Amino acid sequence: MNDCVPEPERAWTIGTAPGIFPSLSHGIALFRRPLAFLNSLPARGDLVEIRLGPRRAWMVCHPGLVHHMLRDTRTFDKGGPQYERLRAVMGDGVVTCPHAEHRRQRRLLQPTFRPSHVAAHTDRMAEEAAALCRDWRPGQRVDVSAAMLGLTTRLISRVLLSDSLAPAAAEEVRHCLAAIVRGLFVRTVVPVDALFRLPTPANRRYRRAVERVRELIDAAVAERRRGAPRDDLLGLLLAAEEEGGRAAVSGREVHDQLVSLLLTGSESPSMCLASAFGLLARHPEAERRLHAEVDAVLAGRPPGTDDLPRLAYTRAVLVETLRHSPPGWLFTRVTTRDTTLAGHRLPRGTTVLYSPYLLHHDAASFPEPGRFLPERWLRDGAEAGPHGALIPFAAGSRKCIGDLFSMAEMTVALATVAGRWRLRHLPGPVAPPRPGATLGPRALTMICAPRTDAPGGEPPRAAALAPAAPVAAPGPEHPRRDGDDGVHHA
Ligand code: HEM
C-alpha cells in the first residue's frame with residue numbers, strides 16, 4: 001500500500017451535500033442516481049456531510065483522507081449501515097469483524113490467498129473458463145452476467161470447499177446472491193429498519209436468500225465433518241477448530257468465514273468480467289489489441305501461470321475496468337472514538353463513507369475519467385495510479401484478501417473467452433449499469449460471434465451478429481483532484 005498521508009498544512013474544505021429530502025434524505029439520491037450524486041460531492045468539499053435516513057454521515061472525497069482513514073482501522077472500524085446489514089448475513093467473519101478480532105482472522109485465512117496457492121489454481125481456472133464458452137454457438141444470446149457469476153462461484157467454492165458444494169448448490173448460491181446484493185444496497189442507503197420488517201415480497205425474498213445460503217453452507221460443513229479431511233479452506237478452519245488454544249475457531253466462525261468468502265469471492269470478480277465484456281464491445285480498438293495479444297501469447301492454447309505476466313494488455317483491460325466501473329464502489333465505516341478528519345471533529349459513532357468510484361472518476365488523477373482507456377496502465381509503474389487514487393481493492397490492513405486470486409481468475413477468463421469469441425451488444429441502446437451493493441451489469445445479454453481470425457478459429461455456422469451499440473458511459477460530471485495506491489499483480 002502506498003503511504004499517502006493527508007498534508008497537515010493543507011486547508012481542507014468541509015461541505016454539505018445539496019437537497020436533503022425529509023426523512024429519507026440523500027439515500028434517495030444515492031438509490032436513484034448514485035453515480036451522478038457521488039460525482040457532485042467533491043465540488044462541495046474534501047469531507048462532505050450527507051444524510052442517510054435519519055443519520056448524519058460524512059463522505060470522504062479526497063484520496064489522502066481516504067488513505068488516512070483506511071490506515072487507521074482502530075478509529076475507523078468496519079461499521080455504519082452497510083456493515084451493520086452485512087453482519088446479519090456474514091456474522092463476524094473476516095469481512096465484517098471489528099478491528100479487535102481482525103488480525104487473528106486475517107492471519108488464519110491469508111495462506112489460502114498467497115501467490116503460490118493462487119498459482120496452483122490457474123489450471124482449474126483455465127479449464128472452467130474453457131468449459132464456460134465451449135458450447136456457445138455463433139449468433140447465440142448469452143446471459144453474460146449469469147455466466148460470469150456461475151464461473152466465479154464455481155472457482156471460489158473450489159478454493160473454499162473443494163467439491164463439497166454440489167453444482168446444483170453452487171447454482172442456488174448464485175441465485176441467492178442476486179437477491180442479497182439488491183437487498184443490501186437499499187438497506188445501506190435507506191437505513192430505516194422498520195421498512196425492511198414489512199412483509200413485502202422483496203423483503204421476503206431477501207430474508208429467504210440469506211437463510212438459504214446459510215443452509216447450503218451448513219450442509220456442506222456437516223457433510224465434511226462426516227467425511228475425510230481435505231486440503232482447502234474448510235479443511236484449514238476445521239483443523240484450527242480441533243487444535244483449540246489461542247487461535248481457536250468456533251463452529252459459528254467456520255460458518256461465518258465460509259459465507260463471507262463465498263459471497264465476496266464470487267460477486268465482485270463476476271461484475272468486473274461482465275463490465276469488461278460490455279466495455280470491450282463498445283471499444284473495438286481495445287478489443288482488437290486484446291485479441292492480438294491473446295493470439296500472440298497463447299496461440300490457441302489455454303493460459304497457464306507463466307503466461308499471466310505476458311498478458312499485459314489483458315491485464316490493462318481489467319485494471320481499466322476496475323477503475324472505470326469498480327465493483328466495490330461504496331463502503332461505510334464507523335468511528336470508535338472521538339477523532340478529527342480534515343480538521344473536522346467527528347464524535348465516536350459517526351458514520352463515514354468512501355467510494356472507489358468517486359476517486360476513480362477524478363479528472364485530475366485520471367484525465368477523461370469517463371473514457372475507457374486500457375492504455376493508461378501500460379506505462380511502467382502506472383498501476384499505482386496517481387497519488388493513490390486507484391483503490392479497487394481498497395488499501396491498508398482491510399484491503400481485499402482476494403486481490404491476487406481475482407486478478408488471476410479474471411485474466412484467465414478474459415483471455416480464454418477473447419481467444420475464441422467476440423461478444424456483441426444486442427441492437428439498441430445499452431443501459432448503463434445500476435449500482436447495487438456492487439457496481440456492474442446485473443443482466444447483460446450479449447451475442448456470440450466466433451473469432452475466425454484467431455489461431456484455430458473456424459468459420460461461423462450461424463452468425464447473426466448485431467452491431468455494437470453506442471452507450472453513454474456513466475462518467476462523472478465534475479473534474480476533480482488527485483490522490484495514490486494500486487492494483488496488485490496476478
Ligand atoms: C474484482 C474482484 C474484487 C474486488 C474489486 C474486491 C474489492 C474489495 C474491496 C474494495 C474490499 C474492501 C472493502 C472495505 O473497505 O470495506 C474488499 C475486501 C475483501 N474482499 Fe474483495 N474484491 C474482489 C474479489 C475478492 C475475492 C475473489 C475474494 C475471495 C474470497 C475477496 C474477499 C474479500 C475479503 C475477505 C475482504 C475483507 C478483507 C478484510 O477485511 O481483511 N474479494 N474487496
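Let me start with Arg252 and Asp256. They form a salt bridge, and the closest N and O atoms are 3.5 Å apart. Keep in mind that this is a predicted model. Both residues lie in helix α13, which covers residues 251–281. They are 4 residues apart, about one turn of the helix. Now look at the cover on each partner. Arg252 has a relative accessible area of 53%, so it counts as exposed. Asp256 has a relative accessible area of 5%, so it counts as buried. The cut-offs here are under 20% for buried and over 50% for exposed.

How many salt bridges does a search of the whole structure find? The count is 34. I will take two others.

Next is Glu128 with Arg154. Their closest N and O atoms are 2.9 Å apart. Glu128 sits in helix α7, residues 122–134, and Arg154 sits in helix α8, residues 144–161, so this salt bridge ties together parts that are 26 residues apart in sequence. Is Glu128 buried or exposed? Its relative accessibility is 12%, so Glu128 is buried. Arg154 comes out at 32%, and therefore counts as partly exposed.

Now Glu287 and Arg422. This is a salt bridge too, with 3.7 Å between the closest N and O atoms. The pair links distant parts of the chain, 135 residues apart. Glu287 is in helix α14, residues 284–298. Arg422 is in strand β10, residues 421–425. Glu287 is buried, with a relative accessible area of 6%. Arg422 is partly exposed, at 22%.

Which residues are linked with this pair in a network of salt bridges? Besides Glu287 and Arg422, the network takes in Asp295, Arg424, Arg451 and Asp453.

On to the iron. How many donors does the protein give to the iron atom of the ligand? There is a single one, SG of Cys400, and the distance is 2.3 Å. Cys400 lies in the loop between α16, residues 356–360, and α17, residues 403–418.

Stay with that loop for a moment. Asp362 is also placed between α16 and α17. Asp362 has a relative accessibility of 3%, so it counts as buried. What lies 301 residues away from Asp362 in sequence, but 9.7 Å away in space? That is Cys61, with the distance taken from C-alpha to C-alpha.

A second contact of this kind involves Val319. This residue belongs to helix α15, residues 312–324. Its relative accessibility is 0%, so Val319 is buried. The partner is Pro392, 73 residues apart from Val319 along the chain. Their C-alpha atoms are separated by 8.7 Å.

Last, the surface. Which residues form a positive surface patch? Arg74, Arg103, Arg107 and Arg337 do. Take Arg74 as the example. Where is it placed? Arg74 is in the loop between α3, residues 63–71, and β4, residues 76–78. Its relative accessibility is 57%, and that is why Arg74 counts as exposed.

To recap the partners in one pass. In α13, exposed Arg252 pairs with buried Asp256. Between α7 and α8, Glu128 meets Arg154. Between α14 and β10, Glu287 meets Arg422. And at the iron, the protein donor is Cys400.

Notes:
Residues numbered from 1 in each chain as written. Predicted model: local features only at pLDDT ≥ 70, side-chain atom pairs only at ≥ 80, totals over all residues. Heavy atoms only, no water. Patch = residues over 30% accessible without salt bridge, like charges linked within 9 Å, V, L, I, M, F, W, Y side chains within 5 Å. Areas by Shrake-Rupley, 256 points an atom, 1.4 Å probe, with all protein chains shown as cover. Salt bridge = Lys/Arg side-chain N within 4 Å of Asp/Glu carboxyl O. Lys, Arg positive; Asp, Glu negative; His and termini not counted. Charge placed at Lys NZ, Arg CZ, Asp CG, Glu CD. Helix = DSSP H or I, 4+ residues; strand = E, 2+ residues; numbered from the N terminus. Buried < 20%, exposed > 50% of the residue type's maximum accessible area, 1.4 Å probe, protein only. Donors = N, O, S within 2.8 Å, 3.2 Å for Na, K, Ca; no water.
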